[in-house]
2 protein chains.
Amino acid sequence: MSTIAIVIGEKYYNKDPQSSDLGKNIVSASMELMDELGFEQFTFRKLAERIKSTEASIYRYFDNKLKLLVYLTTWYWAWIEYVIDFRTHHIQDDEEKIREIIKIICHVDRDVIDIDLPGINISSLRRVVVSESDKTYLTKQVDEINNQGLFKVFKGLCHKIAMVLTGINPNYRYPHAIASTMLEASHQQAFFAQHLPSLTEVSEKSNISVEKQVYCFLEETTFKLLK
Amino acid sequence: MSTIAIVIGEKYYNKDPQSSDLGKNIVSASMELMDELGFEQFTFRKLAERIKSTEASIYRYFDNKLKLLVYLTTWYWAWIEYVIDFRTHHIQDDEEKIREIIKIICHVDRDVIDIDLPGINISSLRRVVVSESDKTYLTKQVDEINNQGLFKVFKGLCHKIAMVLTGINPNYRYPHAIASTMLEASHQQAFFAQHLPSLTEVSEKSNISVEKQVYCFLEETTFKLLK
DNA sequence: TTTTTCATGATAGTATTACTATTACGAATA
DNA sequence: TATTCGTAATAGTAATACTATCATGAAAAA
């Protein structure tokens, strides 16, 4: 049984967390602790306590918690891109392809997405991404982070989706705008369904899963826009 | 010449900031300082220094900076709703109405939106809303804040827009989802154009303003979806 | 085997943040 | 004249976001 490794470039960290047990522990525990506490309440001190290490040791891997969040979300997007490649490379038809992509983005078919990854709790990570990922760019440090190339993976994913959209309708003028809007909406609508239900028709009370409902919404939306 | 007052309910504050000079100063200066520093770097201490008052005095008006941000964004949405009412009450046709609403949301026609409001710099406030408003709900305190009714104004606006959409096509299944997605997208796309241009076709380099481009994108999107 | 390197742990320290509490002052009101 | 009330001044606390130093123990190099 083989295992996949998502490799994250060195600009994302001071010391590669995949290179040591402590590092793997930091990544693994930070996903769960950030899920539990939320980004604001999450601190390196609490993380150190959880993994029985020290603040100083964690700082050797990541400059600060924002950089750690950027690392975690990048890991998630790299993983999503891997799953997309894996599950769409054999599909010729772009319409079929985009359906599969939206499915993956919306986290429908959990069983297929949740391939066994050592030390990674995809469900935790997904909740972190839904609730916290926007904070990677909604900060005065956006330009700095962006100049360091730390949004490259997300941009690449957005572009990949935009290319499929262009394949369906080469005359559509907003492929990237729609791709980024859809990526954001896939999180927002799930979040709203849970916390601010009057902002969406997607409902936790339906007998269809929230993920499936968001998929239906985005699928319908995408195809209507491309006509 | 008359002046309009946007009245914000008492659950949003400890002491009504509109009831004193100090209060008005807090609101007015916090918009500008939060615009300058961003939510994370903004503190009550810095705000107190700016207005030559004290931390303790500001705490008498607002519990903490998250509540202040909720107040500011609520003020913004109440203002947007006022402008929508003012500029669409005479329009019968729902299609025409939604165009006007999207225009207002996207901040096209600055001159009309920027009615003189004492102590309020709408441009500053708008930038704060674009960059920081999502943080009002992307926190572990969402449910608490929501239970206090502090998202009512935003929800009301979303519902108002959804009703107009339903007026255009009573069979469309996602009026609220589309309204919330559009409200979010109107900020995101403008933000992306400025900081992460590869995520959108909206460009600062065009000779059409970013606001107008976002308007065109949302207008096209809305009408395609309602067919 | 000894030495060097290196990762981590232990400990401590600093400036800042997010508050809370107490008291005092000065203006308006009773 | 006394009282109330809003604000300022000051101080204090626990926690945060780091930085720095040094000890230790294991692995790698000599």
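## Contact between the protein chains

In this predicted model, 49 residues of chain B are in contact with 49 residues of chain A. The two chains bury about 4300 Å² between them, and carbon and sulfur atoms account for 59% of that area.

The rule finds 2 salt bridges across the interface of chain B and chain A. One of them joins A:E220 to B:R173, with the closest N and O atoms 2.6 Å apart. Polar contact links 22 residue pairs across the interface, counting pairs in which both residues have pLDDT 80 or more.

## Chain B side of the interface

Several helices of chain B give two or more residues each to the side that touches chain A: α1 (21–41), α7 (122–132), α8 (142–147), α9 (152–168), α10 (175–195) and α11 (210–226). The largest share comes from α10(B), which supplies 13 residues.

Sorted by class, the side of chain B that touches chain A has 21 nonpolar residues, 13 polar residues and 15 charged residues.

## Surface near DNA strand D

There are 17 residues around DNA strand D. Those that come nearest are A:E55 and A:Y59 from chain A, together with B:S53, B:S57 and B:Y61 from chain B. Of the strand D atoms within 4 Å of the protein, 62% belong to sugar or phosphate, and the rest belong to bases.

In chain A, α2 (44–51) and α3 (55–59) each supply at least two residues of the surface near DNA strand D. The most comes from α3(A), with 3 residues. By class, this surface has 4 nonpolar, 6 polar and 7 charged residues.

## Polar atom pairs at DNA strand D

A base of DNA strand D is approached from chain A: a polar side-chain atom of A:E55 lies 3.1 Å from a base nitrogen.

Chain B provides side-chain atoms beside phosphate oxygens of DNA strand D. For B:Y61, an N or O atom of the side chain is 2.8 Å from a phosphate oxygen. For B:S20, the distance from a polar side-chain atom to a phosphate oxygen is 3.3 Å.

## Surface near DNA strand C

Around DNA strand C there are 18 residues. A:S53, A:S57 and A:Y61 of chain A come nearest, along with B:E55 and B:Y59 of chain B. Sugar and phosphate make up 61% of the strand C atoms that come within 4 Å of the protein.

Polar atom pairs at DNA strand C involve side chains from both protein chains. In chain A, an N or O atom in the side chain of A:S57 is 3.0 Å from a phosphate oxygen of the strand, while A:R60 has a side-chain N or O atom 3.4 Å from a base oxygen. In chain B, the side chain of B:Y59 places an N or O atom 3.0 Å from a sugar or linking oxygen.

The elements that give two or more residues to the surface near DNA strand C are α2 (44–51) and α3 (55–59) of chain B. Of these, α3(B) gives the largest share, 3 residues. The residues of this surface divide into 4 nonpolar, 6 polar and 8 charged.

Notes. Residues numbered from 1 in each chain as written. Chains lettered and ligands numbered in written order. Predicted model: local features only at pLDDT ≥ 70, side-chain atom pairs only at ≥ 80, totals over all residues. Heavy atoms only, no water. Contact = heavy atoms within 4.5 Å. Buried area = accessible area lost by both parts, 1.4 Å probe. Salt bridge = Lys/Arg side-chain N within 4 Å of Asp/Glu carboxyl O. Polar contact = N/O pair within 3.5 Å; in protein donor to acceptor, adjacent residues only side chain to side chain. Helix = DSSP H or I, 4+ residues; strand = E, 2+ residues; numbered from the N terminus. Nonpolar A, V, L, I, M, F, W, Y, C, P; charged D, E, K, R; others polar. Near = heavy atom within 4 Å.
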